[in-house]
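Hello,

Here is the structure I promised to pass on to you. Have a look at it first, and then read on for what I found.

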Amino acid sequence: MVSNPGRRAALVDAAVEVLAREGARGLTFRAVDAEAGVPVGTASNYFTGRADLLGQIDTRLHVRLAPDPDVVAELMTRPKDRSLVTAFMDDLMARATRDRTGYLALMELRLEATRRPELLASYTKSVRGDLEEAMEFHRTAGLPGGDESVAVLYLAMLGLLLEHLTLPGVLEGVLPGVGVPDGLVERIVATVLPENGEAAAGAD
């Protein structure tokens, strides 16, 4: 395999574009070469096969969609209350919206994992790791709610992201007077972490 980190990253980003636009069936080395604007056969020199490419897409998207450390540092200066949790969820929504292509590619990876046992195992481990990391961050940061609250927030935000980035019309006006997506993010957090502290405690 050719060792050129810059070219490899450009090819993986091109693969993300193809995956998000064409789906897994359209993700071929030839399509990646065309998207990256490189000679035919280039991608095959950088990846051992389709499984390798999909794995590197997963790794790359973790970098692209990760929170900005400076943003996290600023948020952590605020009071550790429900409004801070809302701010973190707002940041999650903003990152996914800015890199809609990357998030759609993540959804395509989920679908492809249902067809490829080797990807199912690795991607399940990757996503589970993300969830456990979020729980650990929540605990360490001293944010309200416990592991159960984080798990419910994860599930609710996953559904909101799915609808907002694929079928946004589904949510428009579904709750009169509640904006999409910001108002819905606020409602999700308020429901999972009510002011009276009756949110599910989980591992509190």
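How do the residues lining the largest pocket divide into nonpolar, polar and charged? I start there, since pockets are probably your first stop too. Please keep in mind throughout that this is a predicted model. The lining divides into 27 nonpolar residues, two polar ones and six charged ones.

**The pocket**

The largest pocket holds about 1,200 Å³ of space. Its lining consists of 35 residues, and those nearest the centre are L92, R95, D130, A134 and Y154. Five helices, α3, α5, α6, α7 and α8, each supply at least two lining residues. The largest share comes from α7, with eight residues.

**The fold around it**

Stepping back to the whole chain, you will count nine helices and zero strands. Read along the sequence, the pattern is therefore simply α-α-α-α-α-α-α-α-α. The C-alpha trace spans about 60 × 35 × 35 Å along its principal axes. Of the 204 residues in the chain, 40% are buried. Among contacts between residues at least 6 apart in sequence, 67% join residues at least 24 apart.

**The nonpolar core**

The largest nonpolar core has 54 residues, and the members that touch the most others are L27, V32, I57, L61, Y103, L109 and L160. Two or more core residues come from each of α1 (5-22), α3 (50-64), α4 (69-75), α5, α6 (100-113), α7 (117-141), α8 and α9. The largest share, eight residues, is given by α1.

One of those well-connected members, L160, is a good place to zoom in. Leaving out residues up to four places away in sequence, L160 touches M93, L171, P181, L184, V185 and I188. Of these partners, L184, V185 and I188 belong to the buried residues of helix α9 (residues 182-192), along with G183, V189 and V192. The buried residues of α9 pack against α5 (82-98) and α8 (147-166).

**The annotated N-terminal part**

An unreviewed UniProt entry places "domain: HTH tetR-type" at residues 5-65. In the model, residues 5-65 are 67% helix and 0% strand, with the end C-alpha atoms 19 Å apart. The same kind of record, also unreviewed, puts a "DNA-binding region" at residues 28-47. That span is 40% helix and 0% strand, and its end C-alpha atoms lie 11 Å apart.

**One residue to click on**

Is R50 buried, partly exposed or exposed? R50 lies in helix α3. R50 counts as partly exposed because its relative accessibility is 27%, and that class runs between the cut-offs of 20% and 50%. Its contacts, again without residues up to four places away in sequence, are A24, R25, L27, F29, E112 and R116. One of these, L27, is 23 residues away from R50 in sequence, yet the two C-alpha atoms are 8.5 Å apart in space. L27 also appears above among the core residues that touch the most other members.

If you want a short route through the model, begin at L92, R95, D130, A134 and Y154 by the centre of the largest pocket, go on to L160 and its contacts such as M93 and L171, and finish at R50 in α3.

Best wishes, and happy browsing!

Conventions:
Residues numbered from 1 in each chain as written. Predicted model: local features only at pLDDT ≥ 70, side-chain atom pairs only at ≥ 80, totals over all residues. Heavy atoms only, no water. Buried < 20%, exposed > 50% of the residue type's maximum accessible area, 1.4 Å probe, protein only. Helix = DSSP H or I, 4+ residues; strand = E, 2+ residues; numbered from the N terminus. Contact = heavy atoms within 4.5 Å. Core = buried A, V, L, I, M, F, W, Y, C linked by side-chain atoms within 4.5 Å. 1 Å grid on protein atoms, 1.4 Å probe; cavity = no way out; pocket = protein on both sides within 12 Å on 5 of 7 lines; lining within 4 Å. Points joined across faces, edges and corners; volume = space filled by probe spheres on them. Nonpolar A, V, L, I, M, F, W, Y, C, P; charged D, E, K, R; others polar. UniProt positions renumbered as here; feature names shortened; annotations may be inferred.
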